[in-house]
Amino acid sequence: MLFFTQTAGVPEIITSLFPNLPNFIAHVLATIVLIVVLSKLMYKPFRKTIRDRRNKINELLSEAVQKQTEANIGVKKAEALLQDAKSESSLIIQTSKVDADIQKTHIINEAHKYADIIKSQAEKDIAQERTKVEAEIKTTIVNVAFDAAEQILQKEINKTKNKQIVDEFIENLSK
């Protein structure tokens, strides 16, 4: 330090660098007062504002969690309703298929019964017509036989005449 004190203007710098004790204490006290005043006026309201914001954020988060929970419950209810609707529609489809099969079977059975009735009626009609036609044919054959016998008896019987009568008789039948 001796080196610094020997040059001109150095003592002024050293005295400027190291303030005197009363000034130093005044500066320290002013800094402490300033810190106390700032903490009272600025820091405590700042902390209160931060705390209020933190509480507001926590409230919003709690509200969001509650709404999310309600939404999840709503989604589960909707899924349950959808599943119930699917199972109910499946049951309705199965029931209608069974009903349709029953109706189909009933209609087919009725159609078979109706067809059997028509068939038996047709068979009866055919049998009656056959009986009628057979009776008519028998009557016609008997009449033709009587006519043929009458013609044969009226004429003389010989082979050539007999053959001629049979040929005429056959020709008359085809007409």
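1. Let's start with the order of the elements: from the N terminus on, this predicted model runs α-α-α-α. In other words, the secondary structure of the chain comes to four helices and zero strands. Helix 3 covers residues 21-154, and most of the points below return to that helix.

2. How far can you trust the picture? The chain averages a pLDDT of 83, and 80% of the residues score at least 70. Confidence is highest in helix 3, at a mean of 88, and lowest in helix 1 (residues 2-5), at 48. Over residues 1-5 the pLDDT stays under 50, and the model has three contacts beyond four places in sequence for them. Where pLDDT is low, the predicted coordinates should not be read in detail.

3. Now for the surface. Buried residues make up 2% of the 175 residues in the chain. The accessible surface comes to about 16200 Å², and carbon and sulfur atoms account for 64% of that area.

4. Have a look at the nonpolar surface patch of about 630 Å². Its members are Leu 21, Phe 24, Ile 25, Val 28, Leu 29, Ile 32 and Val 36. Is Ile 25 buried or exposed? It falls in between: Ile 25 counts as partly exposed because its relative accessibility is 42%, between the cut-offs of 20% and 50%. Ile 25 is placed in helix 3.

5. A record adds something here. An unreviewed UniProt entry lists residues 24-43 as "transmembrane region". In the model, this span is 100% helix and 0% strand, and its end C-alpha atoms lie 26 Å apart.

6. How many salt bridges does the structure hold? There are two. Side chains of opposite charge can pair when their charged atoms come close. One bridge joins Lys 48 and Asp 52, with 3.6 Å between the closest N and O atoms. Both residues lie in helix 3, four residues apart, which is about one turn of the helix. Lys 48 is partly exposed at 48% relative accessibility, and Asp 52 is partly exposed at 40%.

7. The other bridge links the side chains of Glu 63 and Lys 67, at 3.5 Å from N to O. This pair also lies in helix 3, four residues apart, about one turn of the helix. Glu 63 has a relative accessible area of 40%, so it is partly exposed.

8. Finally, find Asp 147 in helix 3. Asp 147 is partly exposed, with a relative accessibility of 44%. Asp 147 and Phe 169 are 22 residues apart in sequence, while their C-alpha atoms are 9.5 Å apart in space.

Note on methods:
Residues numbered from 1 in each chain as written. Heavy atoms only, no water. Patch = residues over 30% accessible without salt bridge, like charges linked within 9 Å, V, L, I, M, F, W, Y side chains within 5 Å. Areas by Shrake-Rupley, 256 points an atom, 1.4 Å probe, with all protein chains shown as cover. Salt bridge = Lys/Arg side-chain N within 4 Å of Asp/Glu carboxyl O. Helix = DSSP H or I, 4+ residues; strand = E, 2+ residues; numbered from the N terminus. Buried < 20%, exposed > 50% of the residue type's maximum accessible area, 1.4 Å probe, protein only. pLDDT = per-residue confidence, 0-100. Contact = heavy atoms within 4.5 Å. UniProt positions renumbered as here; feature names shortened; annotations may be inferred.
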